[in-house]
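Student: I am new to this structure and would like a close look at one part of it. Please begin with the pairing of charged side chains, and then set that part in its surroundings.

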Amino acid sequence: MLRAPPVLLLLLLLFGSLPAPPARAQSGTQAAPQAKGFRLEQNYPNPANPDTYIPFVLEDAMFADGGTRVVSMRIVNMFGQLVATPRAVGHPRGRNVPVLNLRYTEPGQKVAYWDGRDTNGNPVATGVYVCMLQVDNRTVYDRVMVTAPPKRRSRFWPFGRRGN
């Protein structure tokens with residue numbers, strides 16, 4: 001029988017005396033606090049395989065003064081490095097406009113599209129990325145999981161399925 005080293009016993013005693021972490025919701029995910037006047041909703045499909053749509057809502061309260069709102073969205077990795085800038089779906093400036101300092105004049109649900117590629121056009125690796133939505137210098141974050149697309153199987157028998 002192996003004996004635990006004294007350091008392990010000391011760590012066990014130390015962590016055993018710490019208070020329990022605060023209870024979380026049983027749903028498994030905790031809603032991120034949202035800034036007043038806008039919110040970033042969960043991307044779909046989730047996990048992204050590899051492309052995804054990212055909905056966000058600009059509420060009526062933001063446009064009470066009749067002004068425009070400047071919106072930027074970025075996808076960053078866990079180190080905070082820029083990976084990609086999603087494109088706006090149905091923006092008045094045109095199709096596939098990067099969501100980077102875009103001006104919105106009306107409230108409502110908006111959608112951005114990310115094709116799962118980085119700024120150089122290469123497919124991103126499987127992993128967890130962070131979506132940053134910035135509206136008038138206020139920022140909210142949400143996680144985006146990316147999985148690898150399914151591999152195509154060869155039609156030749158020794159390398160794939162049998163038959164046809």
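Tutor: The side chains of E59 and R39 come together in a salt bridge, at 2.9 Å from N to O. The term salt bridge denotes a side-chain nitrogen of Lys or Arg within 4 Å of a carboxyl oxygen of Asp or Glu. This pair joins distant parts of the chain: E59 belongs to the loop between β2 (52–58) and β3 (69–76), whereas R39 belongs to strand β1 (residues 38–40), 20 residues apart. Strands (E, at least two residues) and helices (H or I, at least four) are DSSP runs, numbered from the N terminus.

The model is a predicted one, in which local features need pLDDT of at least 70 and side-chain atom pairs count only at pLDDT 80 or more, while totals for chains, interfaces and linings use all residues. Residues are numbered from 1 along each chain as its sequence is written, and side-chain values use heavy atoms, with hydrogens and water left out.

Both partners of this bridge are partly exposed: E59 has a relative accessible area of 29%, and R39 has 32%. In these terms, buried means under 20% relative accessible area, exposed means over 50%, and partly exposed lies in between, for a 1.4 Å probe and protein chains only. The pair also belongs to a network of salt bridges that links R39, E41 and E59.

The whole structure holds four salt bridges. One of them joins R69 and D65, at 3.1 Å from N to O. The two side chains differ in setting: R69 is buried, with a relative accessible area of 13%, whereas D65 is exposed, at 59%. R69 also takes part in a salt bridge with D136, at 3.3 Å from N to O. Here again distant parts of the chain are linked, with D136 in the loop between β9 (127–135) and β10 (138–146), R69 in strand β3, and their places 67 residues apart in sequence. D136 is partly exposed, at 29% relative accessibility.

The surroundings may now be considered, beginning with the interior. In soluble globular proteins, nonpolar side chains tend to be buried together. The largest nonpolar core in this model has 28 residues, and F56, L58, M73, W114 and L133 have the most contacts inside it. Such a core is a set of buried Ala, Val, Leu, Ile, Met, Phe, Trp, Tyr and Cys residues joined through side-chain atoms within 4.5 Å. Among the elements that give two or more residues to this core are β1, β2 and β3. The greatest share comes from β9, with four residues. L58 touches, among others, F38, F63, V71, Y104 and V135, leaving aside residues up to four places away in sequence; contact here means heavy atoms within 4.5 Å.

E41, from the salt-bridge network, also helps to line the largest cavity, together with L40, N43, I54, C131, D142, R143 and V144. The volume of this cavity is about 30 Å³. On a 1 Å grid over the protein atoms alone, a cavity is a set of points where a 1.4 Å probe fits but cannot get out, and lining residues have an atom within 4 Å of a point. Grid points are joined across faces, edges and corners, and a volume is the space filled by probe spheres set on the points. β10 contributes the most to the lining, with three residues.

The loop between β1 and β2 contains P47 and P50. A cis peptide bond joins N46 and P47, with omega about 10 degrees, and another joins N49 and P50, with omega about -15 degrees.

In the loop between β2 and β3 lies A64, which is exposed at 69% relative accessibility. A64 and P107 are 43 residues apart in sequence, and their C-alpha atoms are 9.7 Å apart in space.

How values were computed: 1 Å grid on protein atoms, 1.4 Å probe; cavity = no way out; pocket = protein on both sides within 12 Å on 5 of 7 lines; lining within 4 Å.
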